[in-house]
Amino acid sequence: MEKIPVLGLGTWKAAPGDVTQAVKVAIDVGYRHFDCAYLYHNESEVGAGIQCKIKEGVVQREDLFIVSKLWCTCHKKSLVMAACSQTLKALKLEYLDLYLIHWPMGFKPGEKDLPLDRSGMVIPSDTDFLDTWEIECHPYLAQKNLINFCQSRDVSVTAYQPLGGSSEGVDVMDNPVIQAMAQRHQKSPAQILIRFQIQRNVIVIPKSICPERILENIQEGVFLCRHWWVWDHV
């Protein structure tokens, strides 16, 4: 796929027992963008859901935009290919549409995802990089300057944790302004927060394993976007 769907399904913290069914439901209701990562430790289950729907004829591989991420212990050039191959094997795919650096810092290579020294501090690697990554983004952390900078240079921005965040003990979903906007427009707070990202041309990947929420989120995305395919894939 040459363009990134502006709305995708996040799979972070989706338990292996739940995420396969969530992916199946998402594909059935119209999702075509799936955000995965080695660190989520559920790519095999995500792949099972994708492969099920391909075999059923609901979608073809080229209809989907699949994203995964290189973990911090594999930033060394000699480790990248093996890490990507491991992800492809888990997802049961021949290719990814986008492969990101998960976090913008390298950790010491090894078997542990989070290598720590005796003081409990992360052991860094000595690798360098020049690439793109996702950013946390929601009304409490709008990232306006960074988004403007990226978009002025034709760099796509993906907002993770778009429904999360808190300020002074108030979750963004419970913020009085968000609640009032939702009531006024007869939408859910989540739909308002998705709208916040889409109207700024930011790709948004809300995570859910609840069929009703999965459907609600994509209905709002389609309702608000005349042009469902927003970003050219570069």
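Which residues form a nonpolar patch on the surface? In this predicted model, the patch is made by Leu-114, Leu-116 and Val-122, and together they have about 230 Å² of accessible area. If you would like to find one of them in the viewer, look for Leu-116 in the loop between β5 (98–101) and β6 (135–136). Leu-116 counts as partly exposed because its relative accessibility is 44%, and the band for that label runs between 20% and 50%.

**The open sheet**

Let us follow the chain on to β6, which belongs to an open sheet of 3 strands. The strands run in the order β6-β7-β10, and their pairing is parallel. β6 and β10 (203–204) each have a single partner strand and stand at the edges, so one side of each is left without a neighbour in the sheet. Between β6 and β7 (residues 158–160), the parallel pairing is made over 2 bridges. For a spot to zoom in on, try Ile-135, which stands opposite Ala-159 in β7.

**Aromatic rings**

How many aromatic pairs does the structure hold? There are 3 of them. One is formed by Trp-71 and Phe-107, with an edge-to-face arrangement: the centres are 5.7 Å apart and the planes meet at 80°. Trp-71 lies in the loop between β4 (65–70) and α3 (77–91), while Phe-107 lies in the loop between β5 and β6, so this pair ties together parts that are 36 residues apart in sequence. Are these two residues buried or exposed? Both Trp-71 and Phe-107 are buried. Ring pairs also bring in Trp-103, giving a cluster of Trp-71, Trp-103 and Phe-107.

Another ring takes part in a contact with a charge. Here the charged end of Arg-61 sits over the ring of Tyr-95, and the distance to the ring centre is 4.0 Å.

**A helix residue and its distant partner in sequence**

Gln-21 is part of helix α1 (residues 16–29). With a relative accessible area of 47%, Gln-21 is partly exposed. Along the chain, Gln-21 and Val-46 are 25 residues apart, and their C-alpha atoms are separated by 8.7 Å.

For quick checking in the viewer, here are the distances from the text side by side.

| Residues | What the distance describes | Distance |
|---|---|---|
| Trp-71 and Phe-107 | ring centre to ring centre | 5.7 Å |
| Arg-61 and Tyr-95 | charged end to ring centre | 4.0 Å |
| Gln-21 and Val-46 | C-alpha to C-alpha | 8.7 Å |

Conventions. Residues numbered from 1 in each chain as written. Predicted model: local features only at pLDDT ≥ 70, side-chain atom pairs only at ≥ 80, totals over all residues. Heavy atoms only, no water. Patch = residues over 30% accessible without salt bridge, like charges linked within 9 Å, V, L, I, M, F, W, Y side chains within 5 Å. Areas by Shrake-Rupley, 256 points an atom, 1.4 Å probe, with all protein chains shown as cover. Salt bridge = Lys/Arg side-chain N within 4 Å of Asp/Glu carboxyl O. Helix = DSSP H or I, 4+ residues; strand = E, 2+ residues; numbered from the N terminus. Buried < 20%, exposed > 50% of the residue type's maximum accessible area, 1.4 Å probe, protein only. Pairing = 2+ DSSP bridges. Phe/Tyr/Trp six-rings, centres within 6.5 Å; stacked < 30°, edge-to-face > 60°. Lys NZ or Arg CZ within 6 Å of the ring centre and 35° of its normal.
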